[in-house]
Amino acid sequence: MKNKGLILITGATGYIGSHTVVELINAGYDVVGVDNFYNSTAKVLDGIKKIVGFNIKFEEIDCSDYKAFENVFVKYPDIVGAIHFAACKAVGESIEKPLLYYRNNIVSLLNLIDLINKKAKQPNIVFSSSCTVYGQPAKKYLPIPETAPLIKSPSPYGKSKQMAEDILSDSIVAFPKLKVCALRYFNPIGAHPTAYIGELPNGVPMNLVPFITQTAAGIRDHLNVFGDDYNTPDGSCIRDYIYVVDLAKAHVKALDKLLGEESAAEKTVVKKTVVAKDSPYPAAEASGRWFVYNLGTGKGLSVLQLVKGFIKATGVKLNYVIAPRRTGDVEQVWADPSKAKKELGWKAATPIGEVLKSAWKWQQTLPKQ
Ligand code: WQD
């Protein structure tokens with residue numbers, strides 16, 4: 001298959017980064033990964049190798065270190081695009097360590113924008129954004145479209161994602177060749193079907209599915225369901241749980257679009273780009289070089305539905321108790337993914353039972369800490 005071009009992946013050994021590396025290679029892209037292993041280990045590279053059959057090009061660097069990052073672009077002058085995953089991402093930790101989150105998440109992004117415009121063959125960025133930019137949407141916005149209002153996040157993590165989208169949209173206006181696709185993830189879960197790569201939470205898992213699988217494995221005594229007194233059918237919070245492999249495939253589609261998409265500046269006849277009413281990024285949208293997509297299944301599942309779905313899919317007993325609400329939790333949010341379907345030709349298709357089985361298969365390969 002023709003090599004579709006060299007793509008830089010920051011955060012390449014992270015949960016979503018590692019799954020995206022695999023799908024990019026499957027789709028015919030060449031890849032160079034960078035990571036500082038702050039929230040991952042080099043063992044992930046072995047897992048990727050078992051799947052793709054070779055060692056990917058990789059540099060251990062911190063993206064907030066400009067000089068080290070610049071050296072990557074000097075060493076790989078043929079980069080035609082970047083997918084930017086590298087960021088700290090724990091909501092709770094960000095409240096305790098705001099400076100770490102702003103410094104790491106914002107400086108890494110500023111370095112990437114500067115370097116890809118100065119040093120790369122083509123400046124295309126796919127950015128790992130999040131549904132946290134929507135906060136708790138009003139019921140009339142559910143399922144949530146990209147045109148829903150962005151509500152200031154209560155956490156430095158969420159704010160850093162919102163700031164990142166502002167920085168990228170302003171950069172579109174300043175750099176006439178830059179193209180950006182911001183992908184707003186809902187709740188990524190599951191693991192690669194080979195179980196060679198998956199989610200590796202540090203310490204006690206914050207997220208629901210790794211806590212479920214560690215409880216099923218006997219590593220945790222029981223799962224706390226954080227609240228069953230919400231205004232939802234069974235009282236527990238609702239989320240849009242998307243298979244990490246389906247999510248990874250959306251990044252391939254996003255890159256295909258940016259690399260295939262002639263920018264407005266390149267077109268002889270500039271296509272009239274419709275700017276969404278009340279768009280937070282009107283100038284960027286008018287450029288025809290700025291794209292935003294919600295990546296979810298379009299289906300909301302409650303915590304209790306997911307717990308029961310795990311037990312049904314795996315046949316594994318699971319101890320869980322109803323516990324008090326967790327501060328900062330959004331009550332219910334799920335995606336309207338129709339724009340990604342229409343413009344990227346992408347849809348999250350894997351049934352939730354298969355996804356939960358993949359998470360359990362992965363957990364069984366991990367040491368019983
Ligand atoms: C899901 C639901 C909890 C653990 C995360 C990331 C955020 C974003 C979206 C990427 C909630 C409940 C959890 C537990 C529980 N990702 N829960 N017991 O909070 O939706 O956000 O995904 O950008 O960055 O933080 O995911 O998995 O923590 O919680 O009852 O032990 O499960 O209350 O309702 P969340 P989560």
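Let's begin at alanine 195, which counts as buried because its relative accessibility is 8%, under the 20% cut-off. The model you are looking at is a predicted one, and this residue is a good place to enter it. Alanine 195 sits in the loop between E7 and H7. Its phi is near 65°, a positive value in a residue other than glycine.

Follow the chain onward from that loop and you come to helix H7, residues 208-216. How many of the residues of H7 are buried? The count is 9 of the 9, so the helix is largely enclosed by the rest of the structure. Residue by residue, the buried ones are Leu208, Val209, Pro210, Phe211, Ile212, Thr213, Gln214, Thr215 and Ala216. What do these residues pack against? Their neighbours are the strands E7 (187-189), E8 and E10 (241-243), together with helices H10 (303-314) and H12 (352-363). Just after H7, glycine 218 takes a positive phi of about 85°.

One of those neighbours, strand E8, deserves a visit of its own. E8 spans residues 223-226. It has two faces: Leu223 and Val225 make up the covered one, while Asn224 and Phe226 make up the uncovered one. E8 also has a partner, strand E13 (residues 320-323); the two run parallel and are joined by 4 bridges. Within this pairing, leucine 223 stands opposite tyrosine 320 of E13.

H7 and E8 bring us to the ligand, since each of them supplies at least two residues of the shell around it. Altogether 20 residues surround the ligand, and the closest are Tyr157, Leu208, Asn224, Arg239 and Asp329. Two of these names should be familiar: Leu208 is a buried residue of H7, and Asn224 is on the uncovered face of E8. Which element gives the largest share of the shell? That is E8, with 4 residues. By character, the shell divides into 12 nonpolar, 4 polar and 4 charged residues.

Now look at the polar side-chain atoms facing oxygen atoms of the ligand. Arginine 239 places such an atom 2.6 Å from a ligand oxygen. For arginine 326 the corresponding distance is 2.9 Å, and for serine 130 it is 3.0 Å. The protein covers 91% of the 680 Å² of accessible area that the ligand has on its own.

From Tyr157, one of the closest residues to the ligand, you can step across to asparagine 105, which touches Tyr157 along with Ala87, Cys88, Leu100 and Ser160. Asparagine 105 is found in helix H5 (residues 98-119). Is asparagine 105 buried or exposed? At 6% relative accessibility, it counts as buried. Its side chain reaches the backbone nitrogen of cysteine 88 at 2.8 Å. A further polar contact, of 3.1 Å, links its side chain with that of asparagine 104.

Glutamate 70 offers another buried site to inspect. This residue belongs to helix H3 (residues 66-75) and has a relative accessible area of 14%, so it is buried. Leaving aside residues up to four places away in sequence, glutamate 70 touches Leu115 and Lys119.

Proline 282 makes a contrast. Its place is in helix H9 (residues 282-287), and with a relative accessible area of 42% it is partly exposed. Proline 282 and serine 169 are 113 residues apart in sequence, yet their C-alpha atoms are 9.0 Å apart in space.

Finally, two loops reward a look at the backbone. In the loop between strand E5 (124-130) and helix H6 (156-174) you will find proline 143. The peptide bond that leads to proline 143 from leucine 142 is cis, with omega near -10°. The other loop lies between strand E2 (30-35) and helix H2 (43-52), and it holds phenylalanine 37. Phenylalanine 37 has a positive phi of about 60° although it is not a glycine, which recalls alanine 195, whose phi is also positive.

Definitions and conventions:
Residues numbered from 1 in each chain as written. Predicted model: local features only at pLDDT ≥ 70, side-chain atom pairs only at ≥ 80, totals over all residues. Heavy atoms only, no water. Near = heavy atom within 4 Å. Polar contact = N/O pair within 3.5 Å; in protein donor to acceptor, adjacent residues only side chain to side chain. Areas by Shrake-Rupley, 256 points an atom, 1.4 Å probe, with all protein chains shown as cover. Nonpolar A, V, L, I, M, F, W, Y, C, P; charged D, E, K, R; others polar. Buried < 20%, exposed > 50% of the residue type's maximum accessible area, 1.4 Å probe, protein only. Contact = heavy atoms within 4.5 Å. Pairing = 2+ DSSP bridges.
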